[in-house]
Amino acid sequence: MTDQVPVSADAVRSELERILASKSFQNAGRLSRLLRYVTEKTLSGESEHLKEYAVGVEVFDRDASYDPRVDSIVRVEAGRLRSRLDEYYANDGAASELRIALPKGGYVAQFTTPGARDPDRLRPRDLETSRPPVTRLSARLILVAGGVAIIAAVSLWLSAWRSRAEQPSVAVLAFSAYSGDGQLAALAAQLNDDVTSEMARLGTVGVVSHTSVMQFAGVRKPLREIAAALDADFLMEATVDAEPGGLRVVARPVNAHTDRKAWVQDFHGRADALHDLSRQIAADTAAAILRIQPAR
């Protein structure tokens with residue numbers, strides 16, 4: 001469990017710099033700018049000014065006519081930032097003693113320390129003196145039970161490992177938005193993050209980490225080379241376009257072993273319902289990949 005505890009501003013700023021220098025935030029200019037902004041505003045006691053309009057104007061350079069009800073860039077980028085922070089603390093920042101978060105429903109940063117110790121918890125010496133004596137028979141039973149538990153855990157792990165090894169792996173490449181609309185580009189980036197997460201959550205295919213895939217964003221290389229570098233059986237390409245009433249996404253998983261498009265599908269959804277659209281894209285694409293998976 002993570003508890004909210006008082007932390008120093010210096011410690012928060014040090015953690016901020018570690019986050020911004022990490023792989024998860026490399027080439028993430030707008031997300032880095034947003035994280036620094038909400039962190040500094042929170043530290044300076046200006047939480048009441050962290051409103052969607054203010055963030056849009058001061059971070060994303062919107063003009064005075066900016067209307068958050070029409071332009072969702074702040075909500076979209078905040079969602080991307082939350083996903084990127086989760087990714088950082090699951091990888092490079094897993095051992096961090098301090099964590100910076102952006103809770104849903106607002107733009108005020110939160111600073112926490114994981115695993116805060118309970119001051120009322122008994123010390124080892126106290127436990128030693130209060131624990132009832134252990135007989136030789138009960139000690140043997142404990143050892144046997146422990147051995148059985150270890151064997152069961154290893155068996156489960158091996159079963160899960162074999163299952164993962166048999167799964168086709170897919171790398172979800174950066175989604176393309178061909179128009180010059182910044183809002184559409186932000187929506188494409190959010191969909192890219194969400195589809196990657198949803199596909200991983202399904203557990204039916206192996207999914208290459210978003211951080212690893214993003215090193216190839218904007219890089220012109222043969223798909224075979226990218227797939228080999230990521231050890232992926234499939235590369236998923238997608239384009240995002242605006243259409244009356246919402247968005248049109250064209251998903252195209254490419255079989256890395258044959259360098260041919262394995263499947264093409266159009267998806268339609270609303271900009272204010274990206275989660276539903278992401279889940280549909282992830283589920284249908286994963287199912288298509290499983291139907292045509294190559295032997296590993």
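## Two pockets and two unusual loop residues

Asp259 counts as partly exposed, at 39% relative accessibility. This residue sits in the loop between E7 and strand E8 (260-261). Its phi is near 55°, a positive value in a residue other than glycine. Why is that worth a remark? Most residues other than glycine have a negative phi.

Asp231 tells a similar story. Asp231 is not a glycine, yet it has a positive phi of about 55°. Asp231 lies in the loop between H9 and E6. Is Asp231 buried or exposed? It is exposed, because its relative accessible area is 56% and the cut-off for exposed is over 50%.

### The whole chain

The model is predicted. The protein chain contains ten helices and nine strands. It has 296 residues, and 39% of them are buried. The chain exposes about 17,100 Å². Carbon and sulfur atoms supply 53% of that area.

How do distant parts of the sequence meet? Take the contacts between residues at least 6 apart in sequence. Of these, 58% join residues at least 24 apart.

### The pockets

| Pocket | Volume | Lining residues | Nonpolar | Polar | Charged |
|---|---|---|---|---|---|
| Largest pocket | about 1,300 Å³ | 50 residues | 19 residues | 16 residues | 15 residues |
| Second largest pocket | about 920 Å³ | 39 residues | 18 residues | twelve residues | nine residues |

Start with the largest pocket, with about 1,300 Å³ of space. Which lining residues are closest to its centre? They are Gly79, Arg82, Ser83, Gln190 and Asp194. Several elements give two or more residues to this lining. The helices are H4 (73-90), H7 (182-202) and H10 (274-291). The strands are E2 (99-101), E3 (110-114) and E7 (246-255).

Now turn to the second largest pocket, of about 920 Å³. Closest to its centre are Ala174, Met214, Phe216, Ala217 and Gly218. At least two lining residues come from each of helix H2 (29-43), H4, H7, helix H8 (210-214), helix H9 (223-230) and strand E6 (234-243). Which element gives the largest share of this lining? H7 does, with six residues.

H4 and H7 thus appear in the linings of the largest pocket and the second largest pocket. H9 and E6 help line the second largest pocket, and the loop between H9 and E6 holds Asp231. E7 helps line the largest pocket, and the loop between E7 and E8 holds Asp259.

Methods:
Residues are numbered from 1 along each chain as its sequence is written. This is a predicted model: local features need pLDDT of at least 70, side-chain atom pairs count only at pLDDT 80 or more; totals for chains, interfaces and linings use all residues. Side-chain values use heavy atoms; hydrogens and water are left out. Helices (H or I, at least four residues) and strands (E, at least two) are DSSP runs, numbered from the N terminus. Buried means under 20% relative accessible area, exposed over 50%, partly exposed in between (1.4 Å probe, protein chains only). Contact means heavy atoms within 4.5 Å. Accessible areas come from the Shrake-Rupley method with a 1.4 Å probe; for residues, only the protein chains shown count as cover. On a 1 Å grid over the protein atoms alone, a cavity is a set of points where a 1.4 Å probe fits but cannot get out, and a pocket is an open set with protein on both sides within 12 Å along at least five of seven lines; lining residues have an atom within 4 Å of a point. Grid points are joined across faces, edges and corners, and a volume is the space filled by probe spheres set on the points. Ala, Val, Leu, Ile, Met, Phe, Trp, Tyr, Cys and Pro count as nonpolar, Asp, Glu, Lys and Arg as charged, and the others, Gly among them, as polar.
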